[in-house]
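Work through the exercises below with the sequence and the 3D view open, and try each task before reading its solution.

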Amino acid sequence: MANHSQLGFQDASSPIMEELVEFHDHALIVALAICSLVLYLLAHMLTEKLSSNAVDAQEVELIWTILPAVVLVLLALPSLQILYMMDEIDEPDLTLKAIGHQWYWSYEYTDFKDLSFDSYMVPTADLPNGHFRLLEVDHRVVIPMESPIRVIITAGDVLHSWAVPTLGVKTDAIPGRLNQTSFIATRPGIFYGQCSEICGANHSYMPIVVESTPLPHFEAWSSLLSSS
């Protein structure tokens with residue numbers, strides 16, 4: 001959950017998000033090094049008189065031609081690795097189908113016979129003490145922790161987007177099309193997200209709440225919900 005005046009990312013709760021945070025830090029260090037070098041050269045040019053030999057030096061031209069290419073490679077390789085990791089879905093333990101509507105989410109646990117529900121935002125007037133305004137829902141998505149989860153995402157009316165930042169997940173929900181993503185929650189907790197595609201007047205009232213629990217708690221929850 002993000003805090004007021006927070007400058008960085010939320011704490012990562014999945015391996016993919018951990019990789020994204022590390023890549024962000026890596027790219028930030030590279031950008032900082034480039035800015036420092038450019039500022040140093042600007043200050044040097046403004047304060048020192050360059051000779052004609054320094055201006056016409058072929059070695060300098062070679063360096064400022066090759067160096068940007070090396071920097072791009074250093075950024076592209078880890079970026080491509082993370083992109084392939086995000087698309088990799090290998091034998092999930094649980095498949096969840098998320099359907100976006102105006103303006104709520106429907107969920108189906110396809111591995112269970114009768115386990116589906118709609119998830120609406122809790123109005124501010126009905127919000128219990130200690131819960132987050134505009135982020136709490138009446139039915140949370142409960143998943144087992146440390147298990148590969150596949151999410152199949154679509155929409156029933158207009159474009160939506162299923163996004164949970166702390167899990168490193170953001171996938172568009174498109175009517176008539178099935179998109180899929182996957183994640184592994186590495187710790188128990190309650191993770192908040194929102195629809196990240198402008199979908200109408202109540203776009204900001206489509207929160208997503210994912211609750212990660214140990215496997216025995218998930219099995220008890222699913223049995224209780226299926227029998228009700």
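The exercises that follow treat the two sheets, the annotated spans, a surface patch and two backbone details.

This is a predicted model, in which local features need pLDDT of at least 70 and side-chain atom pairs count only at pLDDT 80 or more, while totals for chains, interfaces and linings use all residues. Residues are numbered from 1 along each chain as its sequence is written, and side-chain values use heavy atoms, with hydrogens and water left out.

**Exercise 1. Find the order of the strands in the open sheet that contains S4, and name the helix that packs on this sheet.**

Step 1. Helices (H or I, at least four residues) and strands (E, at least two) are DSSP runs numbered from the N terminus, and two strands pair if DSSP finds at least two bridges between them.

Step 2. With these terms, 5 strands in the order S4-S10-S9-S6-S7 make up an open sheet of mixed pairing. Its edges are strand S4 (141-144) and strand S7 (169-173), each of which pairs on one side only.

Step 3. S4 and strand S10 (residues 207-213) run parallel and are joined by 4 bridges; Val 141 has Val 210 of S10 as its bridge partner.

Step 4. Helix H4 (residues 215-227) packs on the sheet and touches S4 and S10, its direction making about 135 degrees with that of S4. Here contact means heavy atoms within 4.5 Å, and axes are lines fitted to C-alpha atoms, for helices over the stretch in contact, with angles from 0 to 180 degrees between N-to-C directions.

**Exercise 2. Which strands are the edges of the open sheet with the order S3-S2-S1-S5-S8?**

Step 1. This open sheet has 5 strands, and its pairing is mixed.

Step 2. The edge strands, each pairing on one side only, are strand S3 (116-119) and strand S8 (179-184). Neighbouring strands in this sheet are turned by 25 degrees against each other on average, direction ignored.

Step 3. Strand S2 (residues 104-109) and S3 run antiparallel, with 4 bridges between them, and Tyr 107 has Phe 117 in S3 as its bridge partner.

**Exercise 3. Describe the secondary structure of the spans that UniProt annotates as "transmembrane region".**

Step 1. The unreviewed UniProt entry gives this annotation to residues 26-43 and 63-84; positions follow the numbering used here, feature names are shortened, and annotations may be inferred rather than shown by experiment.

Step 2. Residues 26-43 are 100% helix and 0% strand, with end C-alpha atoms 26 Å apart. Residues 63-84 are also 100% helix and 0% strand, and their end C-alpha atoms lie 32 Å apart.

**Exercise 4. Which element gives the largest share of the nonpolar surface patch?**

Step 1. The patch covers about 840 Å², and its residues include Leu 37, Tyr 40, Ile 66 and Leu 74. Patch residues have over 30% relative accessible area (Shrake-Rupley method, 1.4 Å probe, only the protein chains shown counting as cover) and no salt bridge (a side-chain nitrogen of Lys or Arg within 4 Å of a carboxyl oxygen of Asp or Glu); like charges are joined within 9 Å, and nonpolar side chains (Val, Leu, Ile, Met, Phe, Trp, Tyr) within 5 Å.

Step 2. Helix H1 (15-47) and helix H3 (58-87) are the elements that give two or more residues. The largest share, 6 residues, comes from H3, and Ile 66 lies in this helix.

**Exercise 5. Locate the cis peptide bond and the positive phi of Leu 134.**

Step 1. Most residues other than glycine have a negative phi, and most peptide bonds are trans.

Step 2. The cis bond joins Gln 102 and Trp 103, with omega about 0 degrees; Trp 103 is in the loop between strand S1 (94-101) and S2.

Step 3. Leu 134 has a phi near 70 degrees and sits in the loop between S3 and S4.
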